[in-house]
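Colleague: Please take a close look at one strand in this predicted model. I would like to see how the strand sits in its surroundings.

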Amino acid sequence: MHTNSATASPPLKGCIIVTGASRGIGATIALGLAQAGFDVGCLSRTGDLPHIDNVAADIKQRWHAAKCDVSQGQQLEQAFSEIAKKTGKPLIGLVNNAGIHSQDRIEAITEDEFRRVMDVNAYSVLAASQAIYPHLLNNQGGLIVNIGSFFDKLGIKQHLLYCAAKAAVGAMTRCMAVEWASKGIRALNVAPGYIMTDLNREAMQTGPLAAYLSKRIPGGKPGQAEDVGNLVTSLFVLDSPFMTGETIYIDGAHGMLG
Ligand code: NDP
């Protein structure tokens, strides 16, 4: 008979690092994790705490900001140690969320742009996962959630770089899951479709993009940052040791359209 480990295990305690937590999807993930009782290391280049209004003081107390460029491995190592020291809690997980958008015709993509996008969207996932690895080993395991994109399986005009970087995130997730399974470390790739954040709200609500999305997304509208935040939080709350390596699409079935 199977036992339900989700209900049998005691609640996890510790600190989870979220990269790109100052705004958008990362800020919402940081909110969900803090509401679930975790301490959260909030990384961004500005080192700002999540930009979310009306947050209770006890939730804010669980947020610990640090400045860090995720494309720089050494900065990641320093930020992780700083946060572990500041909270006095073990680092038990990582959400590789920081990412940048990039759009250009294939024939116009420069070597510099290729390296910039791959550094921030793909190398950062490797570097941050390497930096958290000793912490997770100390803790007899943990969970790494990478934020990919449903573009990882699509061919989108003017998005070669972004699609390639997000496909690399899915591939790295599978390899981490296989290579680190014996250490108790799991890896999952959460791949959103169009999600409305402060940055794209206007474009998604008015103009040609809004018209396109209302036709193309089966439910007629984009997702919200909370959709992704709630999913990521539930992955940390659910103690599901056999679930690893998978890409979980959260795109309102947009990526299933023919
Ligand atoms: P935003 O642009 O709203 O936020 C990006 C966050 O990443 C900010 O906190 C920013 O902070 C941080 N960041 C950017 N570059 C770096 C860097 N080099 N080092 C450290 N932090 C950095 O993005 P979204 O919330 O929209 O997207 C978050 C993730 O979700 C990305 O990986 C994106 O590709 C993915 N995604 C988003 C979708 C959407 O529709 N919004 C759809 C599918 C995937 P700061 O500027 O202070 O460094």
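Modeller: Start with the sheet. It is open and has seven strands, ordered β3-β2-β1-β4-β5-β6-β9, with parallel pairing. The edges are β3 (63-67) and β9 (247-250). Each has a single partner strand, so one side of each lacks a neighbour in the sheet. On average, neighbouring strands are turned by 20° against each other, direction ignored.

Now the strand to look at: β1, residues 15-19. In the sheet order, β1 stands between β2 and β4. Five of its five residues are buried, that is, under 20% relative accessible area. The strand is therefore largely enclosed by the rest of the structure. Side chains go both ways. C15, I17 and T19 point one way from β1, while I16 and V18 point the other way. All of them are buried.

Take the β2 side. β1 and β2 (residues 39-44) run parallel and are joined by five bridges. Here V18 stands opposite C42. Between the two strands, the chain passes through helix α2 (residues 24-35), and this β-α-β crossover is right-handed.

On the other side is β4 (residues 91-96). It pairs with β1 in the parallel sense, over four bridges. V18 appears again here, opposite V95 of β4.

One step further out, β2 pairs with β3, also parallel, over five bridges. In that pair V40 stands opposite W63 of β3.

Towards the β9 edge, a helix covers several strands. Helix α6 (residues 160-180) lies across β5 (142-147), β6 (185-192) and β9. Its direction is at about 160° to β6.

Terms used: Residues are numbered from 1 along each chain as its sequence is written. This is a predicted model: local features need pLDDT of at least 70, side-chain atom pairs count only at pLDDT 80 or more; totals for chains, interfaces and linings use all residues. Side-chain values use heavy atoms; hydrogens and water are left out. Buried means under 20% relative accessible area, exposed over 50%, partly exposed in between (1.4 Å probe, protein chains only). Two strands pair if DSSP finds at least two bridges between them. A crossover is right-handed if, with the strands pointing away from the viewer, the path from the first strand over the helix to the second runs clockwise. Axes are lines fitted to C-alpha atoms, for helices over the stretch in contact, and angles run from 0 to 180 degrees between N-to-C directions. Contact means heavy atoms within 4.5 Å.
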